[in-house]
Amino acid sequence: MKSYYDRPLLKGPHWGSNVVTYLFLGGIMGGLGLISLLSDDRPEPEMKKLRKATRYTAFALAAINPPILISHLGRPERFLNMLRIVKFKSPMSLGVWGLVLYSGAAGANALRELADDGVVPRMLKFVAPSATVPIQALLGAFMAGYTGVLISATAIPLWAAGKRHIPAFSVCSGAASASALATLLSTLQGNHDVIPRLERLEMAAAALEIALVADFRKRGGAVTAPLFEGRVGKRLRDFTIIGGIVVPFALNAIGGAFKLPKSIDALRSIAAATLTLVGGYVLRESLIEAGKLSANDPHVAFRQPS
Amino acid sequence: MATGFFTDATLCIGCKACEVACKQWNELPSDGFEFTGNSYDNTSQLSGTTWRHVDFVERESIDENGITASWSMLSDVCKHCTNAGCLEACPTGAIVRNEFGSVFVQPDICNGCGYCVVSCPFGVIDLIEAVGNGDDAGKYALATLHEDRLNDRKTALQATGGVAGKCTLCYDRQRIGMVPACAKACPTESIQFGEIEELRERAKRRVETLLERGVDARLYGADDVGGGIGSLNAFFLLADSPEAYNLPVEPVLPSTRQAMGYAAAAAAALALATLGWAIFRGDGTDA
Ligand code: SF4
Ligand code: SF4
């Protein structure tokens with residue numbers, strides 16, 4: 001096959017672990033928005049506890065994630081230049097605005113819970129309308145998905161070929177990771193009654209995720225090799241596919257089917273949640289690393305995916 | 001009036017005067033020396049600080065006359081696309097289309113997010129590595145506008161790197177009526193600068209002449225290259241297939257994939273929300 005000394009045609013991403021962390025936490029923020037909506041306005045005490053936990057955590061992540069995003073910039077002091085314009089053609093631009101709006105909604109929801117807990121004057125409860133709950137959930141779906149759109153809408157052949165799959169499994173991975181994080185938090189709080197529901201949500205998200213990843217591999221052809229083969233592929237298989245989806249799914253299924261002794265069940269659920277979180281991180285990391293490898297192969301870049 | 005480049009591979013002698021002139025005028029630092037062994041090409045690629053790059057394509061054919069080897073050289077450059085992936089992707093609005101129809105990176109706006117880098121279907125634009133703010137701060141003082149050059153060499157410049165860089169089509173020179181440095185330096189007029197329409201006419205006549213003479217010649221980017229990109233303001237006359245010069249045969253404008261991406265994400269979110277609703281609130285006790 002003809003090429004120019006096999007030199008790369010494209011330039012790969014300069015993104016490192018800070019971007020991976022941003023994508024991972026962004027996915028969790030998205031999933032927490034959904035759980036916060038699902039647990040909203042319920043009479044059961046365990047749901048009330050879950051609601052508060054997700055809202056405080058979402059707000060905390062909304063505070064942590066922007067500095068992580070800023071740290072990857074070549075000129076961090078110019079971050080605010082991203083807020084000069086809104087650009088519908090740029091997922092990076094829309095994403096930054098999504099992050100800003102999500103943080104606002106998450107802040108409003110956290111404020112209402114703080115007022116409810118009496119930490120701040122109860123009057124403040126009326127400052128933030130409850131419409132911010134579904135709004136946070138909607139923006140959360142955007143937060144979890146736009147990063148997938150962002151990488152698909154590039155020239156990198158692997159990412160481009162995944163325009164149907166990557167955004168969808170990013171959303172699933174975000175929801176699974178958020179359920180896992182909420183499980184860990186609920187375990188810490190001793191809020192055990194809510195865990196079976198979180199684990200079922202995690203299983204649903206994981207099942208959809210693995211189906212989409214498998215379909216991507218099947219349909220993507222040679223372009224997907226950097227993601228599924230070699231060093232990156234092995235890591236993805238060990239930590240995400242097996243360690244982060246199959247094993248936690250099995251553990252959660254066991255937890256749902258059998259009544260295990262309390263302490264063993266707690267260990268089981270902690271293990272499943274931790275593995276899911278690691279898998280979610282490695283998924284994002286593999287996507288970025290495989291993107292770099294994909295950019296280095298000129299043969300897949302001569303005819304770019306539509 | 002849109003201006004651009006017509007770069008003709010059949011006239012290039014591989015002298016690299018364009019590379020040197022560009023580096024000098026734009027005060028671009030060296031990318032370091034690497035002996036590649038790939039013909040006479042030790043530049044290898046365009047980069048944030050290399051805005052012209054001469055490809056050295058070596059061709060060999062064996063027939064009854066023995067082995068014949070031939071070279072084809074081509075000076076590659078940013079294409080200044082009609083629909084530019086880099087420009088669309090840029091979240092700060094640093095990349096704009098200027099009054100000459102060129103795609104221009106405003107170095108004082110860019111925050112180095114790197115999204116343009118992965119959004120160029122031709123692998124042109126790249127980040128310029130950040131250097132310290134100390135003594136070597138001036139190392140990456142790239143030229144931008146003529147006024148800045150005269151007044152304060154560092155203000156609007158990419159003084160400390162960390163931003164994206166690519167060919168400006170010599171915006172500063174064009175503003176004072178000068179021809180871009182590479183075109184000025186090219187001794188064979190392999191690089192021609194001018195008004196796009198006129199260049200296209202010239203290029204089409206040139207191809208006809210070459211084909212009459214039995215030379216393999218084709219235009220790249222004078223007309224729509226497909227994939228939503230449109231024509232290129234810097235287009236080429238090639239003497240071989242595009243791959244030979246590391247040019248994509250079917251480039252695609254990345255933003256065309258967005259609608260599908262958002263739809264896929266929305267479908268997944270909707271599916272999960274429905275399942276979640278059933279799991280959390282499907283017990284009939286909805287408050
Ligand atoms: S060739 Fe690449 S860097 Fe140049 S205008 Fe087109 S998209 Fe932008
Ligand atoms: S690196 Fe600079 S020019 Fe490129 S997309 Fe980001 S802000 Fe725009």
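## A guided tour of chains A and B

Begin by selecting Arg235(A) and Glu285(A), whose side chains form a salt bridge with an N to O distance of 2.7 Å. Arg235(A) belongs to helix 9 (residues 230–257) of chain A and Glu285(A) to helix 10 (residues 262–296) of chain A, so the pair links distant parts of the chain, 50 residues apart. The model on display is predicted. Colouring by accessibility separates the two partners: Arg235(A) is partly exposed, at a relative accessible area of 34%, whereas Glu285(A), at 18%, counts as buried.

Remain on helix 10 of chain A and select Glu289(A) and Lys292(A), which lie 3 residues apart, about one turn of the helix. Their side chains also meet in a salt bridge, at 3.3 Å from N to O. Glu289(A) is partly exposed at 25% relative accessibility, and Lys292(A) is partly exposed at 23%.

Next, select Asp116(A) and Lys52(A), a salt bridge of 2.7 Å, N to O. Asp116(A) is in helix 3 of chain A and Lys52(A) in helix 2 of chain A, so this pair ties together parts that are 64 residues apart in sequence. Both Asp116(A) and Lys52(A) are buried. Extend the selection to Asp40(A), Arg51(A), Arg55(A), Glu113(A), Asp117(A) and Lys125(A): together with Lys52(A) and Asp116(A), these residues are linked in a network of salt bridges. Over all chains, the count of salt bridges is 30.

**The interface of chain A and chain B**

Display both chains and select the residues in contact, 76 from chain A and 81 from chain B. The area buried between the two chains is about 6,300 Å², with carbon and sulfur atoms giving 58% of it. On the side of chain A, Tyr4(A), Tyr5(A) and Lys11(A) lose the most area to chain B, together 13% of what that side buries.

For the polar part of the interface, the count is 4 salt bridges and 40 residue pairs in polar contact. Select Arg303(A) and Glu250(B) for a salt bridge between the chains, in which the closest N and O atoms are 3.5 Å apart. Among the helices of chain A that each supply at least two residues to the side touching chain B are helix 1, helix 4 (132–152), helix 6 (166–189) and helix 11 (298–301).

**The nonpolar cores**

Now select Trp15(A), Ile28(A), Tyr102(A), Trp159(A) and Tyr115(B), which touch the most other members of the largest nonpolar core, a set of 85 residues. Helix 1 (residues 17–38) of chain A gives the most to this core, with 12 residues. Domain 1 (3–252) and domain 2 (253–287) of chain B both contribute residues, so the core lies between them.

Centre the view on Ile28(A): beyond its neighbours within four places in sequence, its contacts are Leu61(A), Gly174(A), Ser177(A), Ala178(A), Leu181(A) and Leu277(A). Apart from the largest core lies another, of 55 residues, including Cys78(B), Cys90(B), Cys186(B) and Ala239(B).

**Between the domains of chain B**

Finally, colour chain B by its domain assignment, with domain 1 at 3–252 and domain 2 at 253–287. Their contact takes 11 residues from domain 1 and 5 residues from domain 2. About 480 Å² is buried between them, 58% of it from carbon and sulfur atoms. Select Glu88(B), Ser119(B) and Val252(B), which supply 68% of the area that domain 1 buries against domain 2, more than any other three residues. Between these domains there are 0 salt bridges and 2 residue pairs in polar contact.

Technical notes. Residues are numbered from 1 along each chain as its sequence is written. Chains are lettered from A and ligands numbered from 1 in the order in which they are written. This is a predicted model: local features need pLDDT of at least 70, side-chain atom pairs count only at pLDDT 80 or more; totals for chains, interfaces and linings use all residues. Side-chain values use heavy atoms; hydrogens and water are left out. A nonpolar core is a set of buried Ala, Val, Leu, Ile, Met, Phe, Trp, Tyr and Cys residues joined through side-chain atoms within 4.5 Å. Buried means under 20% relative accessible area, exposed over 50%, partly exposed in between (1.4 Å probe, protein chains only). Helices (H or I, at least four residues) and strands (E, at least two) are DSSP runs, numbered from the N terminus. Domain bounds come from an automatic or database domain assignment. Contact means heavy atoms within 4.5 Å. Buried area is the accessible area (1.4 Å probe) that two parts lose on being put together, summed over both. A polar contact is a pair of N or O atoms within 3.5 Å; within protein, one must be able to donate a hydrogen and the other to accept it, and residues adjacent in sequence count only if both atoms are side-chain atoms.
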